[in-house]
Amino acid sequence: MTITIKNKEEIEGMRAAGRAASQLLDYLTPFVREGKTTNQIDKLAYDFIKHDLKSTPAPLNYDPMGGNPYPKSICTSVNNMVCHGIPNDKPLRKGDILNIDVGVTTQDGWIGDTSRMFVIGEASIAAKRLCALTYDAMWHGISKIGPNVCIVEIGRAIQKFTETQGCSVVRDYCGHGIGRNFHEEPQILHFVSPEAKTILVPGMTITVEPMINAGRKETKGLPDGWGVVTKDRSLSAQWEHTVLVTETGFEVLTLSEGYPELPAFITSTKT
Ligand code: MF3
Ligand code: CO
Ligand code: CO
């Protein structure tokens, strides 16, 4: 697959998809609390996507490897889960942290992909700190995006910030180009690698979605073929935005009314 450059009209499609995905997270937010199960949240998401957004959940039946289609509409990754947690019937407990990752495919076929962290009740200081620094790590990466920028600068900014804070960047999963396909080229690595060579061009749409572990960077896949946990069982956090490369910098597409405040070092979601 090659990198797709979106024209004006296609960018409008991506804006609508990004907004829809963010609105879905806004809608889910008041339901994410103690006692709720991730299956209940998944059902709420499916109904909102279908009836309110008139769209479809991109994760549902997504099957990149062939033979193990993703069974739900959202990913819910709790505590030491790094990503791709399949919703289940276990109630959320006080002190849990979780990532909800949503993908929305609009009627026009464009996809918005975004995730946020949620804290159930009062979490530990360490857990809250991990969620907050992962949010800042994502924004440090996004702030580098612009025309003629090499994508390694995104990874460099995220890795440097994260390691300064004493945490580690997951290597086994990355961000990606996005458009009519959930995952397109290029891969967006959240660390420095000689393989990160793509030069950004206006009209590209990519995700920045660092997974940050409180302990070591290594991960382990679960027997369900989707869920991924930290090998050392330490806590893991992730935030994700879909971002357009513009003539002057970037435009974050997965924003809506309920989106949390920008970190102090970011002055605008458009440059
Ligand atoms: N939303 C994930 C991402 O950010 C992809 C999830 S694939 C799924 O790229 F099948 F698990 F939903
Ligand atoms: Co996602
Ligand atoms: Co993504």
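# A tour of the two cobalt ions and the strands around them

Start by selecting the cobalt ion (ligand 2): it is coordinated by Asp101 (OD), Asp101 (OD), Asp113 (OD) and Glu240 (OE), at 2.0 to 2.4 Å. Keep in mind as you go that this is a predicted model. The six donor atoms of ligand 2 make angles of 58 to 164 degrees, and the site is irregular. Along the sequence, its donor residues are spaced D-x11-D-x126-E. Now colour two of these donors: aspartate 101 sits in strand β4 (residues 97-105), while glutamate 240 is in the loop between β13 (236-238) and β14 (241-245), so the pair ties together parts that are 139 residues apart in sequence. Both aspartate 101 and glutamate 240 are buried.

**Next stop: the other cobalt ion**

Select the cobalt ion (ligand 3). Which protein residues hold this ion? Its donors are Asp113 (OD), His176 (NE2), Glu209 (OE) and Glu240 (OE), lying 2.0 to 2.2 Å away. Six donor atoms surround ligand 3 at angles of 51 to 162 degrees, which makes the arrangement irregular. The spacing of these donors along the chain is D-x62-H-x32-E-x30-E. Show aspartate 113 together with both ions: this residue bridges ligand 3 and ligand 2, which lie 3.4 Å apart. Histidine 176 belongs to strand β7 (residues 175-177) and glutamate 240 to the loop between β13 and β14, so this pair links parts that are 64 residues apart in sequence. Histidine 176 is buried, as is glutamate 240.

**Bring in ligand 1**

Now show ligand 1 and its surroundings. There are 13 residues around it, and the closest are Asp101, His176, His183, Glu209 and Glu240. Zoom in on the polar atoms: a nitrogen atom of ligand 1 is 3.0 Å from a polar side-chain atom of aspartate 101. An oxygen atom of ligand 1 lies 3.0 Å from a side-chain N or O atom of histidine 176, and an oxygen atom of ligand 1 is 2.8 Å from one in the side chain of glutamate 209.

**Follow the chain into β4**

Go back to aspartate 101 and select all of β4. Is this strand mostly enclosed or open? Nine of its nine residues are buried, so β4 is largely enclosed by the rest of the structure. In a regular strand, side chains alternate between the two faces of the sheet. Here, Ile97, Asn99, Asp101, Gly103 and Thr105 point one way, and Leu98, Ile100, Val102 and Val104 the other.

Then add the partners of β4:

- Strand β1 (residues 56-57) pairs with β4 in the antiparallel sense over two bridges, with proline 57 opposite valine 104.
- Strand β2 (residues 74-78) runs antiparallel to β4 and is joined to it by five bridges; cysteine 75 stands opposite the cobalt donor aspartate 101.
- Strand β5 (residues 111-119) pairs with β4 over nine bridges, again antiparallel, and its aspartate 113 is the bridge partner of glycine 103.

Look at the turn too: β4 and β5 form a hairpin with five residues between them, where glycine 109 has a positive phi of about 90 degrees.

**Last stops: β7 and a helix**

Select β7 and strand β8 (residues 184-188), which pair in the antiparallel sense over three bridges. Histidine 176 stands opposite glutamine 187 in β8, and a hairpin of six residues joins the two strands.

Finish on helix α3 (residues 125-142). Its 18 residues should span 26 Å at 1.5 Å a residue, and the end C-alpha atoms are 26 Å apart, which agrees. Its buried residues include Leu130, Tyr135, Met138 and Trp139.

Key:
Residues numbered from 1 in each chain as written. Chains lettered and ligands numbered in written order. Predicted model: local features only at pLDDT ≥ 70, side-chain atom pairs only at ≥ 80, totals over all residues. Heavy atoms only, no water. Donors = N, O, S within 2.8 Å, 3.2 Å for Na, K, Ca; no water. Tetrahedral: all angles 85-135°; square planar, octahedral: opposite > 155°, others 65-115°. Helix = DSSP H or I, 4+ residues; strand = E, 2+ residues; numbered from the N terminus. Buried < 20%, exposed > 50% of the residue type's maximum accessible area, 1.4 Å probe, protein only. Expected span 1.5 Å × (residues − 1). Pairing = 2+ DSSP bridges. Near = heavy atom within 4 Å. Polar contact = N/O pair within 3.5 Å; in protein donor to acceptor, adjacent residues only side chain to side chain.
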